[in-house]
Every structure is written in structure tokens, then in C-alpha cells.
Protein chains: 2
Amino acid sequence: MRVVRFELLTLGDELLLGLTANGHLTFIGAQLGRRGVMLARNVTITDEADAIAAQFSESWARSDVVITTGGLGPTCDDRTREAVAAVLGQKLVRNESTVQHMLERFARLGRKMTDNNLKQADCFERGEVLPNANGTAPGLWVEQDGKILVMLPGPPNELQPMFTDQVIPRLAQRGLLTAREAYVQVRTSGVGESALETRLQPVFDRFGDALSIAFCAHAGHVDCRVSSPSGRLSDEALQGIAAECAGMLGEDFVCYGHDSLSKVCADLLRGQEKTLALAETATGGLLANAFTDISGASKFFAGGCVCYSNESKMQLLDVPECLLAQHGAVSAENAVAMATGAAEKLGADYAMAITGFAGPCGGTKENPVGTIYIALHAPHGMWSKKLNYPGPRQTVKQRAVNAALDWLRRELVRAANGTSLPAGRHGVMQ
Amino acid sequence: MRVVRFELLTLGDELLLGLTANGHLTFIGAQLGRRGVMLARNVTITDEADAIAAQFSESWARSDVVITTGGLGPTCDDRTREAVAAVLGQKLVRNESTVQHMLERFARLGRKMTDNNLKQADCFERGEVLPNANGTAPGLWVEQDGKILVMLPGPPNELQPMFTDQVIPRLAQRGLLTAREAYVQVRTSGVGESALETRLQPVFDRFGDALSIAFCAHAGHVDCRVSSPSGRLSDEALQGIAAECAGMLGEDFVCYGHDSLSKVCADLLRGQEKTLALAETATGGLLANAFTDISGASKFFAGGCVCYSNESKMQLLDVPECLLAQHGAVSAENAVAMATGAAEKLGADYAMAITGFAGPCGGTKENPVGTIYIALHAPHGMWSKKLNYPGPRQTVKQRAVNAALDWLRRELVRAANGTSLPAGRHGVMQ
């Protein structure tokens with residue numbers, strides 16, 4: 001099978017200046033990866049016309065498919081169309097149906113279309129227009145020199161549906177995509193990258209260089225991907241290897257594929273017909289947000305409180321004033337009281353509470369910045385843990401949320417297996 | 001002044017497969033951008049040794065400074081060190097102080113160091129080691145052929161402090177950085193990109209091609225950057241131009257620079273010594289999270305509730321059962337009741353509530369998926385707005401949060417200026 005080389009060109013000073021994350025790489029890379037294609041390369045360059053022409057010329061020469069993003073908009077720093085047309089030796093011609101679409105769009109929004117918008121209707125004389133359902137600048141599709149060029153507008157809400165609804169079907173039609181992922185992924189938690197490799201090595205050793213292995217450490221989990229670029233191992237063989245890894249990892253195995261920890265917890269809760277309530281201080285809603293990102297969350301998620309002030313802990317969760325006076329808000333006692341309050345007020349089976357000092361200010365000698373207490377209230381008991389995370393505020397928040405999610409996940413797995421934590425009250429786990 | 005060309009090489013299949021966002025580009029791009037340098041290019045390629053060698057060779061030839069990230073770790077897919085050494089014609093030698101550091105680190109964590117870790121101590125024979133305070137693999141610094149090579153480990157919590165604490169000072173010492181940003185940024189909201197350009201064009205026209213202008217549309221705001229790459233306009237002149245733009249935009253001007261909408265609201269609340277409470281359904285904690293990302297949030301943020309079930313709305317916020325029965329949870333009435341409940345329960349001056357259908361399931365004929373009601377409770381009255389956002393669940397959540405933040409920002413600006421909304425109760429703004 002001939003290897004088809006895909007290259008992604010992401011354009012924009014704002015990417016190089018770190019003002020916008022390169023979400024197009026993440027989105028397009030994942031869309032293609034799920035269909036058996038890995039991008040060969042992604043190049044990000046400036047908005048400057050000469051740089052675009054030089055880079056496009058190079059990318060076009062070495063690739064079968066080039067995808068560009070950005071620089072199709074209405075303002076003076078949008079120069080991609082002209083630069084690429086020069087390299088392809090194509091003329092740009094104003095596309096009247098696109099002008100019409102833009103006029104209608106502005107009219108619908110009750111806004112006057114300024115003249116600088118018109119250049120967005122300039123399309124290649126030999127090429128197709130990909131209509132933009134969510135914005136003004138259309139995408140462009142060109143087949144020339146036995147290669148394919150796809151040009152997409154920069155705003156994600158315009159690019160993403162255009163890519164899935166128009167580009168993916170066209171690529172599939174030309175036989176450039178397969179039906180499935182190029183790899184099988186095993187998601188784990190609680191094990192470092194090097195220790196994970198060592199644990200799984202005995203499995204991998206049996207397959208020699210027919211098997212390709214890659215590890216990727218994320219905040220809160222480590223992924224292991226197995227693939228066979230040479231095609232010597234079948235899909236079924238790869239799935240068997242992944243299953244063997246999962247079996248060896250026990251509770252440290254999270255899932256196959258890409259589900260988040262919150263999605264895995266949500267599925268376990270739904271499977272056991274249990275509900276969840278949350279109470280947060282330090283993580284300030286980030287844990288609740290992880291659950292409410294899941295469609296249909298109302299099936300298992302009762303609600304949550306973000307209790308910054310002591311008053312809010314008393315008012316919303318009935319945390320006793322004397323407990324806060326005696327132990328302070330950053331304490332195992334308060335974490336347990338918040339979890340209990342959330343479970344009772346919201347009538348939930350499980351509840352998790354997080355309190356702590358996310359920093360950079362705050363903290364005490366006993367509980368310095370980065371200290372996090374997590375409490376878990378389950379039908380059969382309740383427990384708390386004390387943790388400490390270094391790093392900036394948002395890192396501490398994210399790590400605390402990951403720790404809470406992983407704890408809940410393990411407890412739900414044990415509940416499903418009948419191997420729950422021993423019943424107890426106010427047990428403290430370090 | 002000679003232009004110094006910086007190129008960033010980000011390595012890893014996980015980036016090309018869209019499994020991890022390219023946060024290194026965002027971080028390093030912003031760090032350099034704030035010091036007067038814009039990356040000339042970022043190239044992301046696969047973990048494969050030949051591809052790394054070929055790309056590094058090309059990047060090294062055309063650049064003054066090359067920064068690589070990733071592929072320095074302990075597992076079999078970490079191959080950057082060897083590939084780069086071959087291109088530079090350098091030998092790798094095991095660095096004993098790094099081995100010692102790794103052994104100590106593993107001992108401190110109570111873990112056994114597996115043998116695959118040792119290769120992380122292999123360093124260039126002619127080069128410096130950048131110690132890794134937060135992990136095992138050190139960074140590497142090489143000066144050769146009048147150029148600089150910086151190699152950084154992939155995990156962000158290791159890379160980021162290494163970059164700010166060790167790489168930035170070394171680059172500054174060699175005169176490659178300046179003290180300030182290469183541009184002045186005006187952040188706006190409520191105006192589209194093309195309309196913004198049209199409004200500001202009269203200002204820009206006066207400066208001709210001495211002034212370079214770029215626009216960048218984000219979810220919730222549009223940024224306009226003014227710069228003078230030729231150096232013909234001074235920093236003071238650029239600041240004057242930005243101030244003139246800000247003046248023309250009135251309330252649509254958010255801030256100079258990079259502050260988030262929540263940070264701007266937080267500063268306004270602190271400046272006016274007011275407090276804020278929140279109540280969310282559809283956005284599920286995302287709004288609370290935006291405020292609690294701000295250090296010292298407890299100064300102005302009383303707390304918030306994420307009320308998914310009707311019971312939680314009644315229990316936590318005293319929303320009357322009859323109101324929910326009559327109008328439903330997705331209604332202006334409930335939004336206002338939730339905001340009022342939050343303000344009263346939490347004793348806050350301002351409160352915002354968001355309810356709606358984030359989708360993809362749910363929705364009614366009158367209130368289809370994407371319908372969002374926002375209520376604002378202020379010391380002098382309360383109002384609600386009905387909005388509708390297309391798109392996937394997380395987009396709807398983010399847009400609703402942005403709309404709430406921008407509404408609060410405008411009301412706080414008006415309060416500061418004595419031009420608040422007319423006093424009222426249950427006013428509905430479409």
C-alpha cells in the first residue's frame with residue numbers, strides 16, 4: 001500500500017506568539033487518526049505573504065494532501081489565498097454565490113456587511129468551494145498535479161463542521177481513509193511512564209519489531225498505544241495484546257481509547273444506578289465541570305457547591321461553625337463534613353469534596369500551598385486523603401480534580417466487583 | 001539589527017494524532033513573545049528517528065536558535081537525543097551527576113528506578129546539562145556553528161520551569177531577548193473581526209505601512225495587535241495608538257494585554273469592594289471555575305451552586321417548587337430565582353445564574369438545544385437575557401459563560417461610571 005503523506009499548515013502569528021492554542025492540529029490530527037491516517041507533519045508559520053508562499057511551495061512538493069488553516073478572513077492580515085494561488089499558478093475569481101451567502105448572513109444577523117468582507121468570496125478558478133455554514137469565508141478544495149489541497153477558515157466553529165461534513169467524506173471517497181484507528185490505546189492511571197513500560201515489557205517482548213509501542217503521559221493518566229505500522233499484526237492481534245495489558249494492570253487500567261476519567265466514572269455510576277454530589281473549595285467548580293461536560297449528566301449528577309467562604313459552607317452544606325472554628329476550612333474534618341453535607345442536601349449516593357490551598361497565596365505551616373484534602377462519601381462509609389501538589393494554581397486544581405476522579409473510579413470499580421473499601425467513618429488514607 | 005531566527009521543533013506522534021494539545025508552542029511562543037521575539041516557525045513531526053534527524057538537520061541549517069521538545073524520556077519511543085547527536089556529529093556520554101539525581105529522585109518517591117531510565121542521563125560531550133527539578137530527564141544546551149540548540153523534556157511541569165528559570169536567562173545573557181512585548185494588544189468584545197477593523201481603520205490609516213495590524217478572534221473576544229516591525233513607530237507611539245482605539249470602542253474595549261474576562265470582572269469587583277455569587281445548571285461549574293482560576297478569588301467570590309436537579313435548586317437556592325412547576329427549569333423565571341437565591345444565601349452584592357440546554361439531548365420546541373437564559377442580580381435591580389448558541393455541548397457551555405462574563409463586565413464598568421442599567425425587577429433583555 002502506498003503511503004499517503006498528509007501535511008497540515010497552520011497559519012497565524014497568534015499561534016507563534018502563543019496567543020491561541022493550536023487546536024486545529026489537535027482536531028484535524030484526531031479526526032484523521034481515528035480513520036487510520038497520521039499526519040506526517042504540521043508546520044506553523046507567520047501571516048506574512050512571502051513566508052506562506054515559500055512554506056506552501058515546500059509542503060506541496062513533498063506531500064500528497066496539504067491542509068491549510070487560517071488567513072482566509074476579511075482583515076488586512078489575511079493573505080493565504082493570494083500566496084497559495086501564486087504558487088499553484090491559479091487565478092482567483094470572485095464567486096458570486098459566496099457573495100450572496102455572505103450578504104444573506106449579514107442581513108440575518110442584522111449587521112451591515114463592510115467592503116473588506118468581499119475578498120473572502122475570491123476562489124480558485126480551477127477548484128471547488130466548501131460552503132461555510134457558520135461564517136463568511138468558504139473553504140477551498142483543489143485537485144492539481146495528482147495532489148489535493150484543502151484550505152479551511154481559522155475559527156474552530158467554522159472549520160470543524162466543514163472538516164467533518166465536507167472534507168472527510170471527500171477524502172474517504174478517494175480511498176485515502178480507513179474505517180478505524182491506526183492503533184489500540186490502553187489508558188492507565190497511578191503508574192509512571194517508565195514503570196508502566198517495565199510492567200508491560202514481558203507482553204511486548206513476545207512480538208518483537210512487528211509491534212510498535214508508544215507511551216504518552218498526561219496530567220492524571222498515562223496512555224500506551226500499540227500498533228503495527230508494518231501490518232504484520234492484525235487488528236484482532238492488537239486488540240488481544242491490549243486486553244492482555246489491561247488484565248495485567250488490574251485497577252490501574254482505566255479504559256481502552258480516549259474516555260476521560262469523568263466519563264469512566266459517569267458510566268460506572270449509570271451502570272450501578274447511583275448518583276453523585278460534589279462540594280468544592282480549592283478546585284472551584286473544575287470537578288463539577290468535568291462531570292457536566294458529559295451529555296446526559298443529569299442522569300447521575302445531582303449537583304455541586306463551590307463554597308469559598310465559611311458562610312457558604314454553613315449555609316449550603318450545613319458544615320457546623322464549631323468544626324470550622326476548631327479545624328479550619330483546610331482540614332480532613334471539613335472535607336468529610338462537606339462531602340456529607342453534599343450527599344445529604346442533594347440526596348446523592350456518592351459525594352466527593354475537595355478543600356485546600358491552590359495558591360499562590362494562602363497556606364499555613366501545617367498545610368502549605370498545594371495541600372489538598374479530598375473526602376469520599378460512599379453508601380458504605382467515608383474516607384479522606386491528604387495530598388500535596390507543587391506548581392501553579394491551575395495545575396494544583398487540575399491535579400486535585402484528577403486525584404478525586406481516580407479515587408472515585410477505583411471505588412466504583414471495587415463496588416462493581418464487590419471489593420469495596422472496608423466500611424468505616426472518617427477513615428483517613430494518606 | 002540582525003533578525004535572529006528561532007525555530008521550535010515539537011516531537012511526538014501523540015501531537016500529530018491529536019491526542020495531546022501542542023501546549024509547548026503556546027507556552028514557549030508566549031514566553032518569547034513577551035520578550036520581543038516571535039518564533040519564525042514551529043514544526044511538529046513523528047517520533048521516528050530518521051524523520052527527527054532529517055527535520056532537525058533542515059531546521060538547524062536555516063535557524064539561529066532551535067528548541068526541541070519531547071523524546072528525551074525513558075521509554076523505547078524516546079529517540080530525539082540520538083537522532084540529533086548524529087546530525088551535530090557529537091557523541092553522547094553518560095552524565096554521572098544526572099544518574100545520581102535520578103537515583104535520589106526515585107528514592108525520595110519510594111520507587112525503584114527501572115533500567116530503562118538510565119539513557120536519560122546521556123548528554124552531549126560538548127554541551128551543558130539543564131537540571132530537571134521536577135522529573136528525571138535533564139534538558140540540554142549546545143552552542144555550535146554559531147547557533148544555539150536547546151532540548152527540553154516533554155512533560156509541561158518539567159519543561160516550563162526549566163524554560164523560564166534556565167533557558168530565558170541564558171538567551172537574555174546572549175542579547176537575544178528584549179525587555180518587552182513585540183506588540184501592543186487591545187482586547188475587545190461584542191464586535192466581529194471585520195466590523196472592528198472597519199471601526200478602527202481611520203486610526204490606522206494615519207500611520208500607513210509603519211504600522212502593522214493583526215486581528216485574532218477568540219471565543220468571547222477579539223484581539224487587535226498593533227506593532228511596528230520596521231521600528232519606525234516607538235513604543236510610546238504604539239501605546240498611544242492602542243489608547244486611541246480603546247477610546248473609540250467605549251464599553252466594547254475590555255483591556256490592554258491578555259487578561260481574561262473573568263480577571264477583568266474580578267478587578268472591577270475588588271475595586272468596587274463588591275462580592276459575587278453564582279448559580280449554574282447548563283454551564284455546570286465552568287463559570288465558577290473561571291473565577292476561581294484567579295488567585296485571591298476569596299476576596300470577591302462568595303461561592304456558587306451547580307444545580308442539576310430541581311431538588312438541588314429548591315434545597316440549595318430556595319427556588320420555589322411552584323415556579324419550577326409553572327415555568328420549568330429552563331426559563332427566565334428560574335434564572336432570576338436562582339440568581340436571587342444565590343445572592344441571598346451567599347450574602348453577595350452581585351449574582352449571576354445560567355440555565356439552559358447545553359445539548360446534544362434535551363430541549364423543547366420553545367427552548368431548543370442551545371437555549372441559554374442568563375440572569376444578573378445587581379444591588380440596583382435584576383434582569384435576564386435569552387440567548388441561543390449552536391454547536392457541541394462544550395462550545396455552548398463556553399459561549400454561555402463568555403456571555404455572562406461580558407454582561408457582568410459591562411454592568412460593573414457602568415457601575416464604576418455611574419451609568420448603570422435602569423433600576424428594575426425581572427426586566428428581560430433580548
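How many residues does the hairpin that joins β16(B) to β17(B) pass through? The hairpin joins these strands through two residues. The surroundings of this element are taken up below, after the overall architecture.

The structure is a predicted model, in which local features need pLDDT of at least 70, side-chain atom pairs count only at pLDDT 80 or more, and totals for chains, interfaces and linings use all residues. Residues are numbered from 1 along each chain as its sequence is written, while chains are lettered from A and ligands numbered from 1 in the order in which they are written.

Chain A contains 14 helices and 18 strands; both are DSSP runs numbered from the N terminus, helices being H or I of at least four residues and strands E of at least two. The C-alpha trace of chain A spans about 75 × 60 × 40 Å along its principal axes. Of the 430 residues in chain A, 51% are buried. A residue is called buried if 20 or more other C-beta atoms lie within 10 Å of its own, exposed if 12 or fewer do, and partly exposed in between, with C-beta atoms placed from the backbone. Among the contacts in chain A with a separation of 6 or more, 66% link residues 24 or more positions apart; a contact requires that the C-beta atoms of two residues, placed from the backbone, lie within 7 Å.

Chain A is divided into domain 1 (6-173), domain 2 (184-256) and domain 3 (261-429), with bounds that come from an automatic or database domain assignment. The centres of domain 1 and domain 3 of chain A, taken over C-alpha atoms, are separated by 45 Å.

The relation between the two chains comes next. Chain B is superposed on chain A by a rotation of 180 degrees with 0.1 Å of shift along its axis, at an RMSD of 0.1 Å; the fit is by least squares on the C-alpha atoms of residues with pLDDT of at least 70 in both copies. That is the relation of a two-fold axis. The same surface serves both copies, since 100% of the contact residues of chain B recur in chain A. The contact takes 81 residues from chain B and 81 residues from chain A. On the side of chain B that touches chain A, there are 35 nonpolar, 33 polar and 13 charged residues, where Ala, Val, Leu, Ile, Met, Phe, Trp, Tyr, Cys and Pro count as nonpolar, Asp, Glu, Lys and Arg as charged, and the others, Gly among them, as polar.

Strand pairing also links the chains. Strand β2 (residues 41-45) of chain A and strand β2 (residues 41-45) of chain B pair in the antiparallel sense over five bridges, and two strands are said to pair if DSSP finds at least two bridges between them. Within this pairing, B:Ile45 is the bridge partner of A:Arg41. The resulting open sheet of 12 strands has mixed pairing and the order β6(A)-β7(A)-β8(A)-β3(A)-β1(A)-β2(A)-β2(B)-β1(B)-β3(B)-β8(B)-β7(B)-β6(B). At its edges stand β6 (128-130) of chain A and β6 (128-130) of chain B, each with a single partner strand, so one side of each is left without a neighbour in the sheet. In chain B, strand β1 (residues 6-11) and β2(B) pair in the parallel sense over five bridges, with B:Leu11 bridged to B:Ile45 in β2(B).

Another open sheet, of four strands, has the order β10-β11-β9-β12 in chain A, with antiparallel pairing. Its edge strands are β10 (212-218) and β12 (253-256) of chain A, each pairing on one side only. Strand β9 (residues 184-188) of chain A and β12(A) pair over three bridges in the antiparallel sense, and A:Arg187 stands opposite A:Cys255 in β12(A).

The hairpin of the opening question involves strand β16 (residues 371-378) of chain B, which is largely enclosed by the rest of the structure because eight of its eight residues are buried. Both faces are covered: B:Thr371, B:Tyr373, B:Ala375 and B:His377 are buried on one side, and B:Ile372, B:Ile374, B:Leu376 and B:Ala378 on the other. Six bridges join β16(B) in the antiparallel sense to strand β15 (residues 350-356) of chain B, where B:Gly356 has B:Ile372 as its bridge partner. Eight bridges join β16(B), again antiparallel, to strand β17 (residues 381-388) of chain B, and B:His377 is partnered by B:Met382 in β17(B).
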